[in-house]
Amino acid sequence: MDISTPPGNKVDPIAQLDTEVAQLRSHALAESTKKCYKSHLKCYTDFCNQYHITPVPATPTTICRYIAHLARTKAFSTIQQYISVIRLIHLEVGLPHPFKDSFQVTSLMKGVRRVKPGQKYKDTLSLSQIKAMRSHLDLSDLEDLQIWVMIVTCFFALLRISAVTVPNVTDFDHNKTLTRGDITFLHNGLVLKIKHSKTNQYGD
């Protein structure tokens, strides 16, 4: 008998497996991705509520109308991200991909791509820009010094800002965020231990 199970309480082994499946699947996506999908899902359901449309199952016509709705304010690449959540919610309930083989949707997206401006990538920081930032900081002030250290570290280590910051205190995770303990100073430089990144979320 499993000593962790109180006497007289029977655990359904299938129900237990289903619980474990749900728990494991809940970790399939990074928290940032979950927040992004949640935002996209809300946008889609708000659209359906506004026009009194059934969200699932979605027809190609519904998806085309949603794309046109998004195209009023969003770029082509952003629209691609927003409609991907429609595919996910259909697969989640066992329904087929709602627009995989739809010529209607494919041709519309081609049209959107022609008339909407492409994604504009931000320019990389230059050393001259970093020097300009330095002129606005007082390194005798602890907060300014911390900002300067983050700027220099991210620049020379090719890091994203998420590697050295967190949205708020409650989101701090010692296993993901770079801390002072992850820095080793050598006679000719230093070594950074990067425990987590967008391209390596599994610590391997």
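**Exercises on charged residues in a predicted model**

In this predicted model, Asp144 is buried but takes part in no salt bridge, the nearest side chain of opposite charge being that of Arg134, 7.9 Å away.

**Exercise 1.** Explain why Asp144 and Arg134 are not counted as a salt bridge, and describe the surroundings of Asp144.

*Solution.* Step 1: a salt bridge requires the side-chain nitrogen to lie within 4 Å of the carboxyl oxygen. Step 2: Arg134 is 7.9 Å away, so the pair does not qualify. Step 3: Asp144 belongs to helix α7 (residues 142–157). Step 4: leaving aside residues up to four places away in sequence, Asp144 touches His136, Leu137, Asp138 and Leu139.

**Exercise 2.** Determine how many salt bridges there are, and place each pair in the fold.

*Solution.* Step 1: the count is 3. Step 2: Glu92 pairs with Arg25, with 3.0 Å between the closest N and O atoms. This pair links distant parts of the chain, helix α4 (residues 76–92) and helix α1, 67 residues apart. Glu92 is exposed at 51% relative accessibility, and Arg25 is exposed at 52%. Step 3: Lys42 and Asp46 meet at 2.8 Å, N to O. Both lie in helix α2 (residues 31–50), 4 residues apart, about one turn of the helix. Step 4: Asp182 and Lys195 form a salt bridge at 2.8 Å between the closest N and O atoms. Asp182 lies in the loop between α7 and β1 and Lys195 in the segment after β2, so the pair ties together parts 13 residues apart in sequence. Both Asp182 and Lys195 are buried.

**Exercise 3.** Describe how β1 and β2 are arranged.

*Solution.* Step 1: β1 (residues 183–186) and β2 (residues 189–192) pair in the antiparallel sense over 4 bridges. Step 2: a hairpin of 2 residues joins β1 to β2. Step 3: Phe185 stands opposite Leu190 in β2.

Definitions and conventions: Residues numbered from 1 in each chain as written. Predicted model: local features only at pLDDT ≥ 70, side-chain atom pairs only at ≥ 80, totals over all residues. Heavy atoms only, no water. Pairing = 2+ DSSP bridges. Buried < 20%, exposed > 50% of the residue type's maximum accessible area, 1.4 Å probe, protein only. Lys, Arg positive; Asp, Glu negative; His and termini not counted. Contact = heavy atoms within 4.5 Å.
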